[in-house]
Amino acid sequence: TATKKVYPDTLPCIQQSVAFSGVISLQVPDSLDANQFFSAIPAGTATVHIDSIEVTGITGEPAGITSVSNPAVGTKWLKPGQYACAIFTGTTTASAGNYPLTITGNGCGHATFPVIGYKDSCLTNFSFSRVYPYSLKVCGTLGVSEISENINLNIYPNPNQGNFTVTISSATHINGTMSVLDQLGREINTQSLDVTGTKQIPLELSNLSSGAYLLVINAGGTRSVKQFIVK
C-alpha cells in the first residue's frame with residue numbers, strides 16, 4: 001500500500017557468522033524536504049514533490065553484508081510508490097543491533113522554493129537521501145558463550161525437507177529441552193529431552209518452509225546449537 005515504506009514488514013534476524021541472503025524493497029517517497037535538493041534552503045521551509053528518482057545506492061547494511069540497489073528494474077528512474085530492491089548477501093561480522101537503511105540518489109520534482117520561486121522542471125543532478133524507519137536486526141551467534149562441550153549434536157540429512165534425525169551424544173546425563181527455531185527466533189517445535197550416552201531422535205516437520213533453522217538444546221544451564229537447512 002502507499003503507506004508502506006519497506007517491504008516485507010518483517011525480515012529475519014541476521015545471525016553472526018552464518019551466510020545470509022534476502023531481498024528488501026524500499027518505497028520511493030512522493031515528497032522530500034527541499035533541503036535535500038538545495039542545501040541553501042532551510043530545512044522545513046519547502047517540500048519537493050517527487051516526479052521520479054534515480055537510485056544510486058542503498059547503505060546502512062551490517063558489516064560483511066553487501067547490497068545491490070534496484071537490480072531488476074528495466075529503467076533506473078523510478079516513480080513515487082515504486083520500490084527499489086536491495087539484495088543482501090554475505091556473512092555478517094557486525095555486532096548485534098539495529099541498522100537503519102538509507103536510500104540515496106538523484107531526483108526530479110517540482111515545488112515553490114523560497115526566493116527561487118516555482119520550479120516545475122526536472123531537478124536533475126541534485127542528490128537526496130532518505131533514512132527508512134525499518135531496521136535490519138543482527139542477532140549474536142546463539143549460545144556461543146554457553147555451548148556445552150560435553151554434548152555432541154548432529155543432524156542427518158542436512159540439508160533436508162523437514163524430516164531428519166537428531167543424534168545426541170553426551171558423557172553426562174542430559175535432562176532439558178530440544179527446540180527448533182526459525183530465523184525470527186520463534187519456536188516451531190519443542191520437546192523434553194532425557195539422554196544418557198547416545199540417542200537418535202527422529203523429527204518430522206514436513207510443513208517447514210524452505211530456509212535456515214536452528215536446533216537448540218537447553219540443559220543444565222547450558223545450550224548447544226546446530227543450524228540446518230530445509231530445501
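How much surface does the chain expose, and what share of it do carbon and sulfur atoms supply? The chain exposes about 11,900 Å², and carbon and sulfur atoms supply 50% of that area. This is a predicted model. The chain has 16 strands and zero helices. Of its 231 residues, 39% count as buried.

**Confidence**

- The average pLDDT of the chain is 76. A score of at least 70 is reached by 74% of the residues.
- Among the elements, strand β14 (residues 187-204) has the highest mean pLDDT, at 91. Strand β1 (residues 6-7) has the lowest, at 64.
- Residues 142-147 have a pLDDT below 50. In the model, this stretch still has ten contacts beyond near neighbours in sequence.
- Where pLDDT is low, the predicted coordinates should not be read in detail.

**Overall fold**

- Which sequence separations mark the contacts of this chain? Take the contacts between residues at least 6 apart in sequence: 62% of them join residues at least 24 apart.

**Nonpolar cores**

- The largest nonpolar core holds 28 residues. V48, I53, V55, F88 and F113 touch the most other members.
- Five elements give two or more residues to this core. They are β3 (20-27), β5 (47-59), β8 (83-90), β9 (97-113) and β11 (127-139).
- Which element gives the most? Strand β5 does, with five residues.
- There is also a second, separate core of 21 residues. Among its members are I151, I155, L193 and V195.
- In soluble globular proteins, nonpolar side chains tend to be buried together.

**Strand β15 and its partners**

- Is strand β15 (residues 211-219) mostly covered or mostly uncovered? It is mostly covered, with eight of its nine residues buried.
- Strand β15 pairs with strand β13 (residues 163-181) over six bridges, in the antiparallel sense. Here G176 stands opposite A219 of β15.
- Strand β15 also pairs with strand β16 (residues 222-230). These two run antiparallel and are joined by nine bridges. One pair of bridge partners is L214 and Q227, the latter in β16.

**A closer look at I151**

- I151 sits in strand β12 (residues 151-156). I151 is one of the residues of the second core.
- Why does I151 count as buried? Its relative accessible area is 13%, and buried means under 20%.
- Which residues does I151 touch, leaving aside neighbours within four places in sequence? I151 is in contact with I168, S169, S170, I174, I217 and S224.
- Those contacts include I217, and β15 spans residues 211-219. They also include S224, and β16 spans residues 222-230.
- I151 and T172 are 21 residues apart in sequence. Their C-alpha atoms are 8.4 Å apart in space.

**Cis peptide bonds after β12**

- Where does P157 lie? P157 is in the loop between β12 and β13. The peptide bond from Y156 to P157 is cis, with omega near -10°.
- P159 has its place in the loop between β12 and β13 as well. The peptide bond from N158 to P159 is cis, with omega near 10°.

Conventions. Residues numbered from 1 in each chain as written. Predicted model: local features only at pLDDT ≥ 70, side-chain atom pairs only at ≥ 80, totals over all residues. Heavy atoms only, no water. pLDDT = per-residue confidence, 0-100. Helix = DSSP H or I, 4+ residues; strand = E, 2+ residues; numbered from the N terminus. Contact = heavy atoms within 4.5 Å. Buried < 20%, exposed > 50% of the residue type's maximum accessible area, 1.4 Å probe, protein only. Areas by Shrake-Rupley, 256 points an atom, 1.4 Å probe, with all protein chains shown as cover. Core = buried A, V, L, I, M, F, W, Y, C linked by side-chain atoms within 4.5 Å. Pairing = 2+ DSSP bridges.
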